[in-house]
Amino acid sequence: MVTDRDFQIFELMSNFGGKTFLPVLAKTFFNNEQVARNRINKLKKEKLLRTVATGLMSPRNAIYPTAKGLRYFTENGLRNIVTEVASSQVHHLMMEQITYYCLKKIGKDVKRTIVKNWSKEHHHTPDLCYIHKGKNVYVEIERTHKRPDELAKILVNMKKDDIHIVLYVFENDKKMEQIGKKIPVFDKAYYVTIDTLLESSKNGKIGAVKQSEFLKTISKGE
């Protein structure tokens, strides 16, 4: 039997090429990884889900729908497109899914953008996007350093798109400092770590800090 929570997991998967990962489910829909694993195993026994090795030490597997699972997706109005993910992109995708879940939880109508569609009417394509006060909020998952010229170009294009704000999501405090201080100063930029977002979303908040305030904080500590 598919529960409401199962359906929400399927909905998440359908928005990300028909896949998710156990650590994502453990941090979002379940209390811990063992509880998540137990439920996924039951759905595997019901022939709705299957696992495929990622080639990584962690997570070892990605979770995909079976043919039966895809039929369920189709019958219930979910996207039934399944795409593969390169091992180098797994951790970025995991952060993206957790961020998507948290923003949904606090009531944002968040969408995952697709470059070939989004770029037709916009100058920059973020990882995720939602509307606030009639303008786009761009959400960027930042795990690795970008070249200065690339960062500068992104900033120019975001300004052309006249966004409300850009929310940068980092893996942890260390990454937020290392990567965050290299991002060009923008009065519409906000920073948050994935753990802060997870905790803040329990209270209906994002928990982000304005970029300028964060940069002042780390400059005092140097």
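These are my notebook entries on strand β7, the aromatic rings around it, the cysteines and helix α7, all looked up in a predicted model.

**Entry 1: strand β7 and its neighbours**

I began with β7, which covers residues 189–193, and found that four of its five residues are buried, so the strand is largely enclosed by the rest of the structure. I then asked which strands it pairs with. With β6 (residues 165–170), β7 pairs in the parallel sense, and I noted five bridges between them. For a landmark in that pairing, I wrote down that Ala189 of β7 stands opposite Val166. Following the chain from β6 to β7, I passed through helix α8 (residues 173–180), and this β-α-β crossover is right-handed.

The other pairing I looked up is with strand β8 (residues 209–210), where the sense is antiparallel and the bridges number two. Here Lys210 of β8 is the bridge partner of Tyr190.

**Entry 2: aromatic rings**

I next turned to the aromatic side chains, for which a search of the whole structure gives eight pairs. Among them I looked up Tyr168 and Tyr191, whose ring centres are 5.8 Å apart and whose planes stand at 85°, so I entered the pair as edge-to-face. Since Tyr168 belongs to strand β6 and Tyr191 to strand β7, the pair ties together parts that are 23 residues apart in sequence. Both Tyr168 and Tyr191 are buried.

Tyr191 also has a ring pair with Phe214: the centres lie 5.4 Å apart with the planes at 65°, so this pair is edge-to-face as well. Phe214 sits in helix α10 (residues 211–221) while Tyr191 is in strand β7, so this contact, too, ties together parts 23 residues apart in sequence. On accessibility, I recorded 0% for Tyr191, which therefore counts as buried, and a relative accessible area of 10% for Phe214, which is buried too. Taking the ring pairs together, I noted a cluster that links Tyr168, Phe170, Tyr191 and Phe214.

**Entry 3: cysteines**

How many disulfides does the structure hold? I found zero. To see why Cys102 has no bond, I looked for the cysteine sulfur closest to its own, which is that of Cys129 at 17 Å, too far for a bond because a disulfide needs the two sulfur atoms within 2.5 Å. Starting instead from Cys129, I came back to Cys102 as its closest cysteine, again at 17 Å between the sulfurs and too far for a bond. I also checked whether these side chains are buried or exposed: Cys102 is buried, with a relative accessible area of 0%, and Cys129 is buried at 5%.

**Entry 4: helix α7**

My last look-up was helix α7 (residues 148–160), which has 13 residues and reaches 19 Å from its first C-alpha to its last, close to the 18 Å expected at 1.5 Å a residue. I listed its buried residues as Leu151, Ile154, Leu155, Asn157 and Met158. Viewed down the axis of α7, these fall within an arc of 170°, so they line one face of the helix. As a general reminder to myself, an α-helix has 3.6 residues a turn, so residues three or four places apart point the same way. On the other side of α7, I noted Pro148, Lys153, Lys159 and Lys160 as exposed.

Note on methods:
Residues are numbered from 1 along each chain as its sequence is written. This is a predicted model: local features need pLDDT of at least 70, side-chain atom pairs count only at pLDDT 80 or more; totals for chains, interfaces and linings use all residues. Side-chain values use heavy atoms; hydrogens and water are left out. Buried means under 20% relative accessible area, exposed over 50%, partly exposed in between (1.4 Å probe, protein chains only). Two strands pair if DSSP finds at least two bridges between them. A crossover is right-handed if, with the strands pointing away from the viewer, the path from the first strand over the helix to the second runs clockwise. Rings of Phe, Tyr and Trp (its six-membered ring) pair if their centres lie within 6.5 Å; planes under 30 degrees apart count as stacked, over 60 as edge-to-face and the rest as tilted. The expected span of a helix is 1.5 Å times one less than its number of residues. The arc is that of the directions from the helix axis to the C-beta atoms.
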